[in-house]
Amino acid sequence: MLRTPGAVRDAERWTAHNYHPLPVVISSAEGAWLTDVDGRRYLDFLAGYSALNFGHRHPQLIAAAHAQLDRLTLTSRAFIHDQFADFCRELAELCGKDLVLPMNTGAEAVETGIKVARKWGYQVKGVPTGQANIVVAEGNFHGRTTTIVSFSTDEDARADFGPYTPGFTVVPYGDLDALTAAIDENTVAVLLEPIQGEQGVVVPPEGYLPGVRRVCTERNVLFIADEIQSGLGRTGATFACDHEGVTPDMYLLGKALGGGIVPVSAVAADADVLGVLKPGQHGSTFGGNPLACAVAVEVVRLLATGEFQRRSAELGARLHAGLGALIGKGLVAVRGRGLWAGLDIDPALMTGREACERLAERGILAKDTHGSTIRLAPPLVVTEEEIDHAVAQLAAVLAG
Ligand SMILES: Cc1ncc(COP(=O)(O)O)c(C=O)c1O
């Protein structure tokens with residue numbers, strides 16, 4: 001008897017229904033492959049929304065975690081531990097920034113970025129108290145806290161969670177004129193995803209990010225790049241901003257930073273920005289804990305080799321060529337960079353959810369975003385053959 005139906009029922013019975021997972025129950029994984037409770041194998045083409053860029057249970061990361069578990073797991077930031085400095089220094093070097101502030105989840109990194117930008121605005125830029133304003137983009141996804149959903153334009157994410165935090169101006173994504181017009185003397189930051197993942201892997205027009213950089217410099221406004229999903233190799237470069245030669249004032253990082261093992265996020269910025277925080281003004285019990293640092297420093301070392309960025313660029317070209325050939329054969333549009341793709345399926349054929357269910361039946365796990373859009377983000381350890389196999393399965397699903 002199959003174990004999956006009962007396991008799905010039990011999972012639904014004991015939790016709030018804030019997700020609508022595909023009906024697969026995973027019990028083990030390695031590299032790009034997952035195995036369910038009934039022994040069926042799946043290729044992971046979601047990679048934990050990019051939290052698994054290095055695949056499941058990467059040996060170097062698992063070894064680091066095991067070694068750390070045997071020695072020291074938690075201290076709180078009340079004391080310093082011996083993994084902290086290496087992690088912060090190596091991540092700061094990878095980012096080309098002076099300082100790093102570790103947190104846990106992506107939303108916490110975003111909240112940290114917002115708080116730092118506001119404090120910088122009052123203390124450095126001279127914005128009158130309580131007047132700081134941050135420009136954000138339509139279609140954004142930065143996390144789930146009450147402040148962050150306050151400037152979401154997705155009603156599912158936002159509705160009935162008010163009262164909302166003021167201090168944000170929303171402008172269309174990719175429209176430099178609108179962004180420029182929204183900046184005033186009280187604007188402390190522009191907060192953007194360099195590619196909007198949750199919105200369907202939306203790549204802004206060429207020149208947009210350099211334009212944002214230029215305007216932010218001219219108007220003394222911080223450019224905060226939320227690279228939580230787009231960063232750390234996903235797009236074929238360390239950061240999605242790299243493709244256009246742009247360096248933001250602040251990187252927000254998360255997901256893959258934890259190596260698919262522990263939640264690790266971070267803010268990286270220069271001392272004139274992150275230095276506004278003084279003891280007692282911000283923190284997190286678990287932020288920068290020994291286990292997190294031990295794993296994340298190995299993540300940084302994997303990235304420092306450049307191998308994963310190269311794989312993502314090369315294999316991404318193959319993935320996009322394969323997907324591009326399906327336009328007009330069930331796909332309406334394909335977007336993305338590297339091993340990251342947003343696909344619009346012809347809505348007359350099926351919803352994104354239906355496509356993902358049919359892909360799962362064929363052993364490929366992916367996730368819909370909105371309507372008929374699905375997102376593909378395989379681990380960067382995926383092979384050419386596995387990409388070709390996944391594209392062939394998608395073609396079969398689209399062909400009905
Ligand atoms: C761009 C971006 N920022 C922030 C977040 C929030 O991260 P977390 O779910 O770890 O809080 C996400 C999560 O999907 C994201 O894609």
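Which helix is A47 found in? The answer is in the second legend below, and every view comes from a predicted model.

**Figure 1. The whole protein, as an overview before the close-ups.** This predicted model holds 14 helices and 15 strands. Its radius of gyration is 21 Å, close to the 21 Å that the globule rule gives for 400 residues, so the protein is as compact as a globular protein of that length. If you're setting up a box, the C-alpha trace spans about 65 × 55 × 40 Å along its principal axes. Of the 400 residues, 50% count as buried. Take the contacts between residues at least 6 apart in sequence: 73% of them join residues at least 24 apart.

**Figure 2. A47 and its backbone angle.** A47 sits in helix α2, which covers residues 47–50. Its phi is near 55 degrees, a positive value in a residue other than glycine. Is A47 buried or exposed? A47 has 28 C-beta neighbours inside 10 Å, and the cut-off for buried is 20 or more, so A47 counts as buried.

**Figure 3. A377 and the residues it touches.** A47 turns up again here, as one of the residues that A377 touches. Leaving out residues up to four places away in sequence, the full set is F45, L46, A47, Y49, S50, R234, L339 and W340. A377 itself belongs to the loop between β15 (373–376) and α14 (384–398). With 28 other C-beta atoms within 10 Å, A377 is buried too. For a sense of scale, P347 is 30 residues from A377 in sequence, and their C-alpha atoms are 21 Å apart in space.

**Figure 4. L232, in a loop with a positive phi.** Look for L232 in the loop between β8 (222–226) and β9 (250–253). Phi of L232 is near 60 degrees, again a positive value in a residue other than glycine. L232 is buried, with 31 other C-beta atoms within 10 Å.

**Figure 5. The cis peptide bond at P163.** Which residues does the cis bond join? They are G162 and P163, and omega is about 5 degrees. P163 lies in the loop that runs between α7 (155–158) and β6 (168–171).

**Figure 6. Helix α5 from end to end.** Helix α5 takes in residues 106–125, 20 in number, and reaches 26 Å from its first C-alpha to its last. That is close to the 28 Å expected at 1.5 Å a residue. Of those 20 residues, 14 are buried, so α5 is largely enclosed by the rest of the structure. Right after the helix comes G126, with a positive phi near 90 degrees.

**Figure 7. The shell around the ligand.** There are 15 residues around the ligand, and the closest are G106, A107, G143, I228 and Q229. Helix α5 gives the most to this shell, with 3 residues. By class, the shell divides into 5 nonpolar, 7 polar and 3 charged residues.

**Figure 8. Where the two domains meet.** The domain assignment gives domain 1 (4–57 + 307–398) and domain 2 (72–304). Their centres, taken over C-alpha atoms, are 27 Å apart. The contact draws 27 residues from domain 1 and 24 residues from domain 2. On the domain 1 side, α2, α12 (307–324), β11 (331–336), β12 (341–345) and β15 each supply at least two residues. Of these, α12 gives the most, with 5 residues. The residues on that side divide into 11 nonpolar, 13 polar and 3 charged.

Conventions
Residues numbered from 1 in each chain as written. Predicted model: local features only at pLDDT ≥ 70, side-chain atom pairs only at ≥ 80, totals over all residues. Helix = DSSP H or I, 4+ residues; strand = E, 2+ residues; numbered from the N terminus. Expected span 1.5 Å × (residues − 1). Buried ≥ 20, exposed ≤ 12 C-beta atoms within 10 Å, placed from the backbone. Near = placed C-beta within 6 Å. Nonpolar A, V, L, I, M, F, W, Y, C, P; charged D, E, K, R; others polar. Rg over C-alpha atoms; globule rule 2.2 N^0.38 Å. Contact = placed C-beta atoms within 7 Å. Domains from an automatic or database assignment.
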